[in-house]
Amino acid sequence: MSVKRDDNISAMCTVAIGEGGKTGDWRSVRPVIDHGRCIPSVKKKAACFLCWLYCPEGVVKATIPVEIDFDYCKGCGICAEECPAKAITMAREVKEHE
Amino acid sequence: MSNVQIMTGNSAAAIGAKLSAVQVVAAYPITPQSQLAEILSQYIEGGELKAEYVRVEGEHSALTVCISASTVGARVFTATSANGLLYMHEQLHWAAGSRLPIVMCCVNRGVGAPWTIFNDQQDSLAQRDTGWIQIYCRNNQEILDTVIQAYRIAEAVYAPVMVNYDGFVLSHTMMPVAVPDSETVRDFLPPYRPHTILSPDDPRNLNPVLFPWRRENSAGVLCDGYMEMRYKLQAALEKAPAVIQETNRLFTAAFGRDHGGLHWEYRTEDAELLLVGMGSLASEATAAADLLREEGIRAGVIGVRVFRPFPARELRAACARAKGIVIFEKGISYGYEGALCSELKAALYRAESQAPIHNYIAGLGGRDVKARELADAARTSWQAMEKGNYDQPTSWLNCYTG
């Protein structure tokens with residue numbers, strides 16, 4: 001199968017999810033959410049969304065409960081740092097080669 | 001109908017930019033370039049040139065404005081000298097890496113510290129490895145014509161072009177210059193077509209971080225890594241000599257003036273001793289060659305017009321029959337020798353000619369260089385070469401080194 005090659009003479013990329021590759025494989029620690037500790041804020045359901053607000057990569061989905069897209073989460077830990085309920089902990093990523 | 005006017009090099013450059021119908025000008029004044037920026041601002045203010053003059057707080061911003069405007073499809077012009085050019089250094093790489101056909105005049109001036117406002121070519125020579133095409137002019141007619149040619153070259157290979165001419169020696173010296181009519185220039189210079197059309201319908205992030213390896217994007221298209229992008233710029237500059245020569249041929253046909261393309265020669269047909277230089281220094285060397293011929297030394301001159309891409313093949317052919325080569329330069333690669341000397345020596349690697357090469361550093365910071373002094377130096381070298389002196393250390397002409 002032939003791969004289509006980019007023939008641009010200067011570097012550029014489109015605005016699309018995954019344009020920079022699956023950056024989730026950069027992660028050495030991953031956020032683990034204890035949804036039981038989330039602060040109820042919407043109709044008494046667990047959703048204050050501060051993790052969604054602070055995530056610099058936009059990989060936290062504002063659902064109830066919140067979900068993280070691990071294809072692109074780099075494991076920076078800002079969500080865990082900002083969570084007022086300390087519902088998020090950073091757990092060491094165990095990779096196959098380790 | 002010829003329209004010959006008496007003008008300075010700066011006026012010639014400004015007229016060249018006007019005739020090229022530039023659409024955006026951003027320049028910050030610095031001696032000896034200031035007059036050029038002033039003339040262009042007058043053209044635009046008076047409605048003689050339909051362009052936007054963007055006032056900026058420094059040279060880094062001047063080139064950044066040009067980069068932005070060129071990216072969205074405008075033909076742009078800027079000009080600077082010496083420390084102003086050094087202040088642009090980062091953006092020089094950015095312009096070339098973005099493959100933008102920006103044309104800039106560098107009115108050559110020595111670099112501080114210590115301050116000098118006077119001429120040498122250290123400023124542009126120090127920008128050798130930024131990916132810009134560099135052309136050196138020898139008179140005011142060539143400045144006007146080269147600015148026009150530069151747009152055609154830049155827009156054909158998508159690389160920026162630096163048109164260099166000596167501060168004061170050319171920039172402030174009046175000479176007769178034939179001004180071409182704008183219709184002929186328009187026919188010679190097709191409209192600029194940017195390599196990328198930026199549009200809100202197809203938004204792009206320009207110059208993102210590239211990783212060491214090639215990689216597929218989200219649409220499955222295999223994109224270049226950093227090194228492939230660097231190679232594409234090198235390939236463009238390798239293609240440029242043919243484009244420069246073709247542009248020179250077409251220009252000669254349209255305007256009846258031939259500035260030589262990559263290099264020019266003077267009385268070289270039977271020359272044994274070649275004087276080599278760039279810009280007005282090479283022009284002065286033609287008078288030195290005449291003096292030497294009066295004494296029976298068969299001297300000729302090679303003027304290197306294009307320094308990057310370096311015309312190695314053409315210069316190798318031009319030097320094939322030489323028995324001695326003397327290079328005069330208004331710049332020095334500290335700790336070694338003149339940059340042109342190093343390049344020419346490298347070009348002659350395993351060449352037919354094994355002529356001895358002597359190197360003179362001359363005219364730094366505006367020190368006067370007379371034809372008689374060039375002839376004296378060349379004669380001294382010629383006599384030493386005849387005695388088998390191949391490796392004379394780099395000499396400083398008219399300079400107290402003792």
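This report covers model confidence, the contact of chains A and B, a helix pair and an open sheet in a predicted model.

## Confidence

The predicted model scores ipTM 0.83 and pTM 0.93. For chain B the average pLDDT is 96, and 100% of the residues score at least 70. Where pLDDT is low, predicted coordinates should not be read in detail.

## Contact of chains A and B

Chain A contributes 17 residues to the contact, and chain B contributes 22 residues. On the side of chain A that touches chain B, the residues divide into 8 nonpolar, 5 polar and 4 charged.

Strand pairing also links the two chains: strand S1 of chain A (residues 12-14) and strand S9 of chain B (residues 204-206) pair in the antiparallel sense, over 3 bridges. Within this pairing, A:Cys13 stands opposite B:Asn205 of S9(B).

## Helices H1 and H2 of chain B

Helix H1 (residues 9-19) of chain B packs with helix H2 (residues 34-45) of chain B at an angle of about 40°, and their axes are 8 Å apart. H1(B) is therefore oblique to H2(B). The two helices, H1(B) and H2(B), make a right-handed crossing.

From H1(B), the contact involves B:Asn10, B:Ser11, B:Ala13, B:Ala14, B:Ala17 and B:Lys18; these meet B:Gln35, B:Leu36, B:Ile39, B:Leu40 and B:Tyr43 in H2(B). By class, the residues of this contact of H1(B) with H2(B) divide into 7 nonpolar, 3 polar and 1 charged.

## The open sheet of chain B

In chain B, 6 strands form an open sheet with mixed pairing, in the order S12-S14-S13-S16-S17-S18. Strand S12 (263-266) and strand S18 (395-396) of chain B are the edge strands, each pairing on one side only.

Inside that order, strand S16 (residues 324-329) and strand S17 (residues 357-361) of chain B run parallel and are joined by 5 bridges. One residue pair is B:Ile327 with its bridge partner B:Asn359 in S17(B).

## Helices on the sheet

Helix H10 (residues 280-294) of chain B packs on the sheet. The strands touched by H10 of chain B are S12, strand S13 (273-277), strand S14 (299-304) and S16, and the direction of H10 makes about 175° with that of S14(B).

Helix H12 (residues 339-347) of chain B lies across S13, S14, S16 and S17 of chain B. Relative to S16(B), helix H12 runs at about 150°. S13, S14 and S16 of chain B are thus listed for H10 and also for H12.

Terms used
Residues are numbered from 1 along each chain as its sequence is written. Chains are lettered from A and ligands numbered from 1 in the order in which they are written. This is a predicted model: local features need pLDDT of at least 70, side-chain atom pairs count only at pLDDT 80 or more; totals for chains, interfaces and linings use all residues. Axes are lines fitted to C-alpha atoms, for helices over the stretch in contact, and angles run from 0 to 180 degrees between N-to-C directions. Helices (H or I, at least four residues) and strands (E, at least two) are DSSP runs, numbered from the N terminus. Angles under 35 degrees count as roughly parallel, over 145 as roughly antiparallel, 65 to 115 as roughly perpendicular and the rest as oblique. A crossing is left-handed if the near helix is turned anticlockwise from the far one by less than a right angle, and right-handed if clockwise. Two residues are in contact if their C-beta atoms, placed from the backbone, lie within 7 Å. Ala, Val, Leu, Ile, Met, Phe, Trp, Tyr, Cys and Pro count as nonpolar, Asp, Glu, Lys and Arg as charged, and the others, Gly among them, as polar. pLDDT is the predictor's confidence in each residue, from 0 to 100. Two strands pair if DSSP finds at least two bridges between them.
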